[in-house]
Amino acid sequence: MNEFSKSIRMKWPFFIPPPDGRSESEIEADINDEIAFHLRESGLEFREAGESEAAASALAKERFGNIEEYKRQMKRIALKERIMLQRINMVLMIRSEERRV
């Protein structure tokens with residue numbers, strides 16, 4: 001984070017939240033862990049209702065829906081702050097350069 005971003009964050013902390021410090025691969029791993037947890041829990045419900053292991057797993061995935069689409073959306077949400085901060089910094093740098101000219 002550059003000095004300008006730090007100064008803006010100190011002046012207006014309620015406008016610009018601190019960025020998520022995780023790497024993109026850490027975010028993906030967290031998302032995968034979260035989805036796996038929900039699939040396990042859903043599968044357990046189906047197992048307790050008498051379904052076989054394979055059927056319970058298939059039913060849990062069916063109940064969950066399009067897993068890859070959910071992963072994509074969750075990753076986008078997690079990275080949204082970072083992307084927005086990059087855009088803000090770019091606009092501010094451009095305006096700063098325009099003032100110099």
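Is Arg-63 buried, partly exposed or exposed? Arg-63 is partly exposed, with a relative accessible area of 49%. The points below apply to a predicted model.

1. Overall make-up. The protein chain contains four helices and zero strands, and its pattern along the sequence reads α-α-α-α. Of the 101 residues in the chain, 17% are buried. The accessible surface is about 7900 Å², and carbon and sulfur atoms account for 57% of that area. Among contacts between residues at least 6 apart in sequence, 58% join residues at least 24 apart.

2. Helix 2. This helix has 25 residues and spans 36 Å from its first C-alpha to its last, close to the 36 Å expected at 1.5 Å a residue. The buried residues in helix 2 are Ile-27, Ile-31, Ile-35, Leu-39, Ser-42, Gly-43 and Phe-46. An α-helix has 3.6 residues a turn, so residues three or four places apart point the same way. Gly-50 follows helix 2 and has a positive phi, near 105°.

3. Helix 3. With twelve residues, helix 3 reaches 17 Å from first C-alpha to last, close to the 16 Å expected at 1.5 Å a residue. Gly-65, just after helix 3, also has its phi on record here: a positive value of about 100°.

4. Nonpolar core. The largest nonpolar core has ten residues, namely Ile-27, Ile-31, Ile-35, Leu-39, Phe-46, Ala-56, Ala-60, Ile-67, Ala-78 and Leu-79. At least two of these residues come from each of helix 2 (24-48), helix 3 (53-64) and helix 4 (67-100). Helix 2 gives the most, with five residues.

5. Surroundings of Ala-60. If neighbours within four places in sequence are left aside, Ala-60 is in contact with Leu-39, Ser-42, Gly-43 and Phe-46. Those four residues are listed among the buried residues of helix 2. Glu-45 also lies in helix 2; Glu-45 and Ala-60 are 15 residues apart in sequence, with 8.7 Å between their C-alpha atoms.

6. Salt bridge between helices 2 and 3. The structure holds seven salt bridges. In one of them, Glu-45 pairs with Arg-63, and the closest N and O atoms are 3.1 Å apart. Because Glu-45 lies in helix 2 and Arg-63 in helix 3, the pair ties together parts 18 residues apart in sequence. Glu-45 is partly exposed, at 44% relative accessibility, and Arg-63 is partly exposed at 49%.

7. Salt bridges between helices 2 and 4. Glu-24, Glu-28 and Lys-75 are linked in a network of salt bridges. The side chains of Glu-24 and Lys-75 meet at 2.7 Å, N to O; this pair links distant parts of the chain, with Glu-24 in helix 2 and Lys-75 in helix 4, 51 residues apart. Between Glu-28 and Lys-75 the closest N and O atoms are 2.5 Å apart. Glu-28 is in helix 2 and Lys-75 in helix 4, so this pair joins parts that are 47 residues apart in sequence. The relative accessible area is 39% for Glu-24, 33% for Glu-28 and 21% for Lys-75. Lys-75 counts as partly exposed because buried means under 20%.

8. Aromatic pair. The structure holds one aromatic pair. Phe-64 and Tyr-70 meet edge-to-face, 5.5 Å centre to centre and with 90° between the planes. Phe-64 is partly exposed, with a relative accessible area of 22%, and Tyr-70 is partly exposed at 36%.

How values were computed
Residues numbered from 1 in each chain as written. Predicted model: local features only at pLDDT ≥ 70, side-chain atom pairs only at ≥ 80, totals over all residues. Heavy atoms only, no water. Helix = DSSP H or I, 4+ residues; strand = E, 2+ residues; numbered from the N terminus. Buried < 20%, exposed > 50% of the residue type's maximum accessible area, 1.4 Å probe, protein only. Contact = heavy atoms within 4.5 Å. Areas by Shrake-Rupley, 256 points an atom, 1.4 Å probe, with all protein chains shown as cover. Phe/Tyr/Trp six-rings, centres within 6.5 Å; stacked < 30°, edge-to-face > 60°. Core = buried A, V, L, I, M, F, W, Y, C linked by side-chain atoms within 4.5 Å. Expected span 1.5 Å × (residues − 1). Salt bridge = Lys/Arg side-chain N within 4 Å of Asp/Glu carboxyl O.
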